[in-house]
Amino acid sequence: MKLSPRTDTAIKLCLYLDVHRNRLIQRGELAYAMDRNYTEVGWLLTDLAKTNIVEVKRGRHGGFRMMRKLNEIGVAELIALGEQEQGWEFTECDRRADCDCIMTGACSLNAMFRQLQAAFMEWAERWTLADLSNPQIIENAGRKAKEWAEAETEKGRKYH
């Protein structure tokens, strides 16, 4: 079973935003901290806002911040959000409309994977983001924010 990078990034975005709960964070900083494409992070933040996990404040001094507490956000909720775009692709039939494998018409493999998916999501329902947070994440998020601020300050010096 393989989860998409969207799921991984959604979880990490929430953890990062929670560490910096006291301020609005710009998308550029989040893209830097996640080491992800600016546009990709933007789409994911839009999805997180639609589910009332992240607050969006538009405008020159806008940014993003967490709306809900970590113990109110289930890992399964973020997995579902992250996998919605691509969907769960377990078998060749999931990935190709023209699949003509030996199991076509009587695929027990797909049924097995769907049962595994259901069990996996049931297990994920037991976890919240609060269960994933730890002092190392807090330290690393602080370091990333400091690196971003220093890079932005340096960039500002170059143009003034």
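The following exchange concerns how some labels on this predicted model were assigned.

Modeller: The model is predicted, so local features need pLDDT of at least 70 and side-chain atom pairs count only at pLDDT 80 or more, while totals for chains, interfaces and linings use all residues. Residues are numbered from 1 along each chain as its sequence is written, and side-chain values use heavy atoms, with hydrogens and water left out.

Colleague: Why is R68 called buried?

Modeller: Buried means under 20% relative accessible area, with a 1.4 Å probe and protein chains only. R68 has 18% relative accessibility, so R68 counts as buried.

Colleague: What makes the link between R68 and T51 a polar contact?

Modeller: A polar contact is a pair of N or O atoms within 3.5 Å; within protein, one must be able to donate a hydrogen and the other to accept it, and residues adjacent in sequence count only if both atoms are side-chain atoms. The side chain of R68 reaches the backbone oxygen of T51 at 3.1 Å. The backbone oxygen of E72 is 2.9 Å from a polar atom of the R68 side chain.

Colleague: Where does R68 lie?

Modeller: R68 is in the loop between strand 2 (63-66) and helix 4 (75-83); helices (H or I, at least four residues) and strands (E, at least two) are DSSP runs, numbered from the N terminus.

Colleague: Why does the span of helix 1 agree with its 15 residues?

Modeller: The expected span is 1.5 Å times one less than the number of residues. For helix 1 (residues 5-19) that gives 21 Å, and the end C-alpha atoms are 21 Å apart, so the two agree.

Colleague: What makes helix 1 largely enclosed?

Modeller: Of its 15 residues, 11 are buried, so helix 1 is largely enclosed by the rest of the structure. Among them are I11, L13 and L17.

Terms used:
Buried < 20%, exposed > 50% of the residue type's maximum accessible area, 1.4 Å probe, protein only.
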